[in-house]
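Trainee: Please take me slowly through one part of this protein, residue by residue, and then show me how that part sits within the whole chain. I would like each term explained when it comes up.

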Amino acid sequence: MKKFVLPVFALAAIFCAAGCSKKESDSIKIGGVFPLTGGVSVYGVECKNGIDLAIDEINAAGGVNGKQIVLISEDDEGNPDKSVNAFQKLTTKDGVKLIIGSLTSGCTKAMTQRAQAMKVLQIAPAATATDITDAGNYIFRACFIDPFQGTVGGKFSIETLGAKKAAILYDIGNDYSVGLTENFEKTFKDLGGAIVAKESYATNDKDFNAQLTKIKNAAPDVLYLPDYYGTVALIAKQARAQGITIPLVGADGWDGLTANAGDEVLNGYYSNHYATDSDSPAVQKFVKSFRDRYRKDPNSFAALGYDSVYLLRDSILRAGTDEASAVRDALENIDGDYVTGRLRFDEKRNPIKAAVMLQMIRDADDNLNVAYKTTVNP
């Protein structure tokens, strides 16, 4: 019988392939796309902190179906083009089939069509624009959507603050800001209120004094500011400088104000996904673990990132596999308690859950902070 001898390099390749396959099977890769630098980096850094905490907890408890979770994260800097680059790297080079991200609606939407076409399961932790999940059945989100937040702001302004007249100052070029504006305006009017001023600005504008002068002259009872924390801090400072002392109301984009603003945001309220001072056992466990690890309170982006990992964990356990289509099927039928509330998904894979209203305060240590004000149910 003629002997067949494999070259040494061929044997090495076989052993390497076997070893790599074993290593691959021992882990579940999750891709993460976040703005870790740039103008909204607070969102991305905090979300990743929450994700890292959840992954470490799960892995320490034995992982999922005997596998350890591995996060492969990419920084999109809050830029949709870079979100696409991150997605392509994660899916083609890293072979990821489960992705959490991105944080803003524009960056998230830049990836959704690609994710659906490639059958990559994508969970958006905090992208609230209504059409995020329109790309198809592989796209989910952990946060409530803009219509609900706008409705919450309108109801809160009338029912809790007793406002009868409202002004709105919004970014006309930002889908997030426009969507919130439309739904706040509709709800406020439907409940008997009047919009006495509606002013807009362009993304990256820094001077809002002309718009604020018109708003002041209209004498509203409340000013709705549906934008991200950096812009809100600038507007609030200029509003207070003009003597506008009325309550300011906004949405979850305000998260981050405590580290980027001062007393100008006092008498300010915003809708959010959870409250650190909730008496929920799940919230208190999360807050304590986060404080112990990072020496600070977790904002809503940390909580939503944390919940996104546990949603994937629970769905993989239900499916018995981390194959994307099976995880998707299991995720559609989730109904459970998480840090940001009891959560189940509607037919568009948007979560059905409550929102909280938070108030900007000075705490007992004279630090700018937030406190729970009220809950608004769906």
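**A close look, starting from one threonine**

Mentor: T151 touches N183 and T187, when residues up to four places away in sequence are not counted, and a contact here means heavy atoms within 4.5 Å. This is a predicted model, in which local features need pLDDT of at least 70 and side-chain atom pairs count only at pLDDT 80 or more, whereas totals for chains, interfaces and linings use all residues. Residues are numbered from 1 along each chain as its sequence is written, and side-chain values use heavy atoms, with hydrogens and water left out.

T151 belongs to helix α5, which covers residues 146-159; helices (H or I, at least four residues) and strands (E, at least two) are DSSP runs, numbered from the N terminus. With a relative accessibility of 26%, T151 is partly exposed, where buried means under 20% relative accessible area, exposed means over 50%, and partly exposed lies in between, using a 1.4 Å probe and protein chains only. The C-alpha atoms of T151 and L180 are 8.2 Å apart in space, although 29 residues separate the two in sequence.

Now let us turn to the part that deserves the closest reading. Q122 lies in strand β4, made of residues 121-124, and its relative accessibility of 1% means that it counts as buried. Beyond its neighbours within four places in sequence, Q122 is in contact with I99, G101, S102, T108, M111, T112, A115, Y138, I139 and F140. A polar atom of the Q122 side chain also lies 2.9 Å from the backbone oxygen of G101. Such a pair is called a polar contact when N or O atoms are within 3.5 Å; within protein, one atom must be able to donate a hydrogen and the other to accept it, and residues adjacent in sequence count only if both atoms are side-chain atoms.

G101 and S102, which are both among the contacts of Q122, are joined by a cis peptide bond with omega of about -5°. S102 sits in the loop between β3 (98-101) and α4. To see why such a bond is worth pointing out, keep in mind that most peptide bonds are trans, and that most residues other than glycine have a negative phi.

Another contact of Q122 is T112, a residue of helix α4. T112 is buried, with a relative accessible area of 4%, and, leaving aside its neighbours within four places in sequence, it contacts Q122, I132, A135 and I139. The side chain of T112 reaches the backbone oxygen of K109 at 3.2 Å, while the C-alpha atoms of T112 and K97, 15 residues apart in sequence, are 13 Å apart in space.

Q116 also lies in helix α4, which spans residues 105-118, and it is buried, with a relative accessible area of 19%. Beyond four places in sequence, Q116 is in contact with A135, G136, N137, Y138 and I139.

Further along the chain, P247 is placed in the loop between α8 (229-241) and β9, and it is buried at 17% relative accessible area. Its contacts, again without neighbours within four places in sequence, are L161, D221, V222, L223, N267 and Y269. One of these contacts, N267, is found in the loop between β9 (248-250) and β10 (268-272). N267 has a positive phi of about 65° although it is not a glycine, and at 28% relative accessibility it is partly exposed. D366, in the loop between β14 (355-362) and β15 (368-376), likewise has a positive phi near 65° without being a glycine, and it is exposed, with a relative accessible area of 53%.

Finally, here is the whole chain. The secondary structure of the protein comes to 11 helices and 15 strands. Its radius of gyration is 23 Å, close to the 21 Å that the globule rule gives for 378 residues, so the protein is as compact as a globular protein of that length; the radius is taken over C-alpha atoms, and the rule is 2.2 Å times the number of residues to the power 0.38. Of the 378 residues, 52% count as buried. Among contacts with a separation of 6 or more, 65% come from residues 24 or more positions apart.
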